Amino acid sequence: MASIHLTKVIEKFKWENLTPEIDISKIKVTQPDINRPALQLAGYFEHFETTRLQIVGFVEYSYMNGLDEERQREIFEKLLNNPLPGILFCRDLNPNPIFREIAVKYGVPLLMSKKATSACTAEVIRWLNVKLAPCISVHGVLVDVYGEGVLITGESGIGKSEAALELIKRGHRLVTDDVVEIRRVSEDTLIGTAPDITKHFIELRGIGIIDVKALFGASSVRETQNIDLVVRLEDWDKDKEYDRLGLEEEYTEYLGNRVVCHNIPIRPGRNLAIICESAAVNHRQKKMGYNAAQELYKRVQNSLAHGRDEDED
């Protein structure tokens, strides 16, 4: 199961740790969802997700402080006597001394954010969804071409990095070369990132490693990109039939999500960068409702129908 240390979450969102006496170095967050413990504060603990970060907003905070001391101790004991990864108080709200005392007793970290509850919740869920998403690594190059994430794959040495370099020179942006970390953040979305160790680097056989960001500037790279299209490079096989119309889409699958895939045969003289650009723009047109192959098919059908009508006349 994917997890992330609580210390990294605190560092990312710049939260204040209200319980520094608790050792949080080994506490991990394993769920991208959060829980607002309003029902638990009211005494309902069935189906309580103790693995989620708990977020307390103004409503929960007001209700807590409105309880008498005996009821507070009873409810707080039930709430905090669970292996919670942490409780975040938004809007600079400070937990009362009883809550803090019981939290320290059970080793539950208390955190505080200046942000509004809804904004803070949305940011945390979005970030955790990416960090805790199922992840695989594939061999390939990911480039942002006209806003479309193009994953270039193929056997080692076939020319993926050279194609990426030409695309970068033409104004497009590199996400990662050689190794692409793919995360499934939803049923429709795959996001690609670079491993930290190879970020912004490209390997060119005969030259070695080049730093794309240093050579072409910060505008030539980006950190993450949705994977919208796969271009699979392969050696030209004269005995193989290649799709010349594109009426039917071909797909490849990563982590259960299907992505449109084009198999591109490689021959001397073919400009891979222009092919990748054209594939990206064509894919974008299809998403906008225009399919060139279907348009050609309609023209042919209309031409044949017109020819038959003239013959009948």
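# Close-up views of a predicted model

**View 1. Glycine 171 and the helix that precedes it.** Just after helix α7, glycine 171 adopts a positive phi of about 105°, in what is a predicted model throughout. Helix α7 itself spans residues 160-169, and because seven of its 10 residues are buried, the helix is largely enclosed by the rest of the structure. The buried residues of α7 are Lys160, Ser161, Ala163, Ala164, Leu165, Leu167 and Ile168, a list in which a lysine and a serine stand beside alanine, leucine and isoleucine.

**View 2. Leucine 229 in strand β17 and its spatial relation to isoleucine 152.** Leucine 229 lies in strand β17, where its relative accessibility of 0% counts as buried, since that term covers values under 20%. Although 77 residues separate leucine 229 from isoleucine 152 along the sequence, the C-alpha atoms of the two residues are 8.6 Å apart in space.

**View 3. A nonpolar patch on the surface.** Leu245, Leu247, Leu296, Tyr297, Val300 and Leu304 together make a nonpolar surface patch of about 560 Å². One of these residues, leucine 245, is found in the loop between β17 (229-235) and β18 (251-254), and with a relative accessibility of 56% leucine 245 counts as exposed, because the cut-off for that term is over 50%.

**View 4. A patch of positive charge.** Four lysines, Lys8, Lys12, Lys14 and Lys131, gather on the surface in a patch of positive charge. Lysine 12, one of the members of this patch, is placed in helix α1, which covers residues 6-13. The relative accessible area of lysine 12 is 44%, so this residue is partly exposed.

**View 5. Cysteines without a disulfide partner.** The structure holds zero disulfides. Cysteine 135 is accordingly in no disulfide, and the cysteine sulfur nearest to its own, that of cysteine 261, is 20 Å away. Cysteine 261 is likewise in no disulfide, with the nearest cysteine sulfur, that of cysteine 276, at 12 Å; because a disulfide is assigned here to sulfur atoms within 2.5 Å, a separation of 12 Å does not qualify. As for their surroundings, cysteine 135 is partly exposed, with a relative accessible area of 38%, whereas cysteine 261, at 3% relative accessibility, counts as buried.

Notes: Residues numbered from 1 in each chain as written. Predicted model: local features only at pLDDT ≥ 70, side-chain atom pairs only at ≥ 80, totals over all residues. Heavy atoms only, no water. Patch = residues over 30% accessible without salt bridge, like charges linked within 9 Å, V, L, I, M, F, W, Y side chains within 5 Å. Areas by Shrake-Rupley, 256 points an atom, 1.4 Å probe, with all protein chains shown as cover. Salt bridge = Lys/Arg side-chain N within 4 Å of Asp/Glu carboxyl O. Lys, Arg positive; Asp, Glu negative; His and termini not counted. Charge placed at Lys NZ, Arg CZ, Asp CG, Glu CD. Helix = DSSP H or I, 4+ residues; strand = E, 2+ residues; numbered from the N terminus. Buried < 20%, exposed > 50% of the residue type's maximum accessible area, 1.4 Å probe, protein only.
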